[in-house]
Every structure is written in C-alpha cells, then in structure tokens.
Amino acid sequence: MDPRTFYTDHWQHIDDERVARYERMFQWREGGAALLADADLQPGQNVLDFGSGPGFMALALADMVGEGGHVHGVDINARFVADAKERAVGRANVTFHHVKGQLLPLPDGAVDRVVSKNVLEYVPDVDATLAELRRALKPAGRIHLIDSDWGFVLLEPWGKAGVERFFGAAGVAFKEPHIGRKLGGLLRRHGFRNVAVRVVANADQDGHALPMLRNMREYIRIGGLMTATEADEMLATAEDAVRTGEYLFALPQFVATADI
Ligand SMILES: C[S@@+](CC[C@H](N)C(=O)[O-])C[C@H]1O[C@@H](n2cnc3c(N)ncnc32)[C@H](O)[C@@H]1O
C-alpha cells in the first residue's frame, strides 16, 4: 500500500479478519447516547450518519428518530455497507449507501441532522467534506461531530515519550490526527452558528482499548518508523500492565455541535 494514501486506502480495503475486529470495536455501547445528547435527536427527523461503518450507531439513531424519521448511513467501505444493510433488514427507516468519492447521495437540504463519529480524521479534504455535509442539511439543521485527537492520548505505563513514539509511528493511518482540537474552528470557518465544543474522556483500566492498539500494528508496519518487534514489545507491556493494575488508557473525544 502507498503510505501517502494509506489514511483512506486502509478503510476502502479491509481484510475479513480486520472486518471482524472492527465489528467488535464499533459495537454501540451503553454510554454512546451521552455522546449524542447535544445533537437534539427527535422522532420524525431525517439524519445522515457520515462514515457509518458496520452500522451500529445508525441503527441506534434509527431507534431515536422512530418510524416517522429516516437515517441515511454513508460509508466508503463496501463490506461495511453490505453488512449494515443485512443488519437493517426489516427496518424501513434506515438506508445504507456506499460512496466512492466525496459527494453524498443526497439532495440539498435533505436532512435535519448530520452526525459523524470518528471519521473526519480520515477524509482526503476536510473542507470539501464539510461543505458537502452542510449542503445536505436543511436550513434549520444541526451538525454533530465526534472525533478523537491523537495528541491527547494517555497510556500507562508507556509515559508521554512512549505514547508519542507509538502513535507517531501509527500516524500514517490518519490524514489529520489532531482533528479533535480543530473541529470548532472548522465549523466556524464554514459558516456554522452556535458552535459548541466539549471534551468527553473515559479512563479505560480494563484493557478495552487493546484490540484498537493491536490493530495499529498494521499501521506501524506501513509507516516504517518502528519495527514490528518494538511495537509488539510495547503492546506486551500494556497487556502486562492490565494484569498488574498499572494500565490506564484515555483518548478524549471532542464533541462539536453547530447550527447551520
Ligand atoms: C473509525 S471508523 C468509525 C465508524 C463509525 N462511525 C463508528 O463510530 O462506529 C471510520 C469509518 O469512516 C469510514 N470512512 C473513512 N473515510 C471516509 C470517507 N471519505 N467517506 C465516508 N466514509 C469514510 C470508514 O470506512 C469507517 O467505516
């Protein structure tokens, strides 16, 4: 794979083993609804879930908008879209779309809400994407973005230097690894009003993040800045630390909400 386009290629081509891992990682969990609170989701609304992946959040959104509303899930990975369609069989209020470029398969002003979780760090041109998301919103619409910022990771026992080394080596997987801190400024620049940003952080002390960290071995291999042996040794220290109780992982989520 070409390291220059890996940030998007690694979503377009996912092998079966990684699809299974992502499906476990992206399950909709208790507590997810708190991340959506400011989106003000109501029965009867039309919602776009941009970068809907295997579809778990889109199905939760469909429950929130009810039979009178509709959710459009959009993703660049064909397998995720096919699996999401399977999951949605019998649900008339959710449609999943496979997209290849930056254009959305929706007319202007089609939705009341745009929701997107952990996607904007991977898009080739965030300004083009935001313009397109804005185009899809109704005049009274609201956008609600949830994104990580890989400059705010804590992982014990690695310390600051270890965190910077590991996530720097995995940086090839992201177009904009610091998207979280930029969301508010981007929304204002795109003309959105009432921009509000909050930061939500949980402390993982049980190793829930380890599958996501192991998934980064492939990113590190492509990036070529750290050997597989060093990555495995670092991962082993994190796994050992779960057993000894020294492990702690935090990746704050930046939640940005704005009106059109
Ligand atoms: C980290 S996953 C998040 C999935 C889901 N939103 C969630 O939170 O569970 C990122 C998702 O964004 C999708 N994606 C990446 N670039 C995209 C793009 N340019 N357009 C649409 N989807 C994209 C990927 O295929 C993947 O499903």
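This dialogue works through a sheet, a helix pair, a pocket and two backbone features of a predicted model.

Reader: How should I begin with the sheet, and in what order do its strands lie?

Author: Strands of a sheet pair through backbone hydrogen bonds, either parallel or antiparallel. In this model the sheet is open and has seven strands in the order E3-E2-E1-E4-E5-E9-E7, with mixed pairing. Its edges are strand E3, residues 94-98, and strand E7, residues 193-200, each of which pairs on one side only. Neighbouring strands are turned against each other by 15° on average, with direction ignored.

Reader: Which residue in E4 is the bridge partner of Leu 48, and how many bridges join E1 to E4?

Author: The partner of Leu 48 is Val 114, and three bridges join strand E1, residues 46-50, to strand E4, residues 111-117, the two strands running parallel.

Reader: Which strands does helix H6 lie across?

Author: Helix H6, residues 126-136, lies across E1, E4 and strand E5, the last of these spanning residues 137-148, and the helix runs at about 140° to E5. In the loop between E4 and H6 you will find Asn 118, a residue other than glycine whose phi is nonetheless positive, near 60°.

Reader: Turning to helix packing, at what angle do H2 and H9 cross, and is the crossing left-handed or right-handed?

Author: The axes of helix H2, residues 16-25, and helix H9, residues 210-223, come within 10 Å and cross at roughly 145°, and the crossing is left-handed. On the H2 side the contact is made by Arg 18, Arg 21, Tyr 22 and Met 25, while H9 brings Pro 211, Met 212, Arg 214, Asn 215 and Tyr 219. Sorted by class, this contact has five nonpolar, one polar and three charged residues.

Reader: What is the volume of the second largest pocket, and which element gives the largest share of its lining?

Author: The volume of that pocket is about 200 Å³, and the largest share of its lining, six residues, comes from H7. The lining has 15 residues, and those nearest the pocket centre are Trp 150, Gly 151, Val 153, Val 163 and Glu 164. Two elements, strand E6 (154-156) and helix H7 (159-169), give two or more residues to the lining, which by class has eight nonpolar, four polar and three charged residues.

Reader: Where is Pro 157 found, and is the peptide bond from Glu 156 to Pro 157 cis or trans?

Author: Pro 157 is found in the loop between E6 and H7, and the peptide bond that leads to Pro 157 from Glu 156 is cis, with omega near 25°.

Note on methods:
Residues numbered from 1 in each chain as written. Predicted model: local features only at pLDDT ≥ 70, side-chain atom pairs only at ≥ 80, totals over all residues. Heavy atoms only, no water. Pairing = 2+ DSSP bridges. Helix = DSSP H or I, 4+ residues; strand = E, 2+ residues; numbered from the N terminus. Axes fitted to C-alpha atoms, helices over the stretch in contact; angles between N-to-C directions. Contact = heavy atoms within 4.5 Å. Left-handed = near helix turned anticlockwise from the far one by under 90°. Nonpolar A, V, L, I, M, F, W, Y, C, P; charged D, E, K, R; others polar. 1 Å grid on protein atoms, 1.4 Å probe; cavity = no way out; pocket = protein on both sides within 12 Å on 5 of 7 lines; lining within 4 Å. Points joined across faces, edges and corners; volume = space filled by probe spheres on them.
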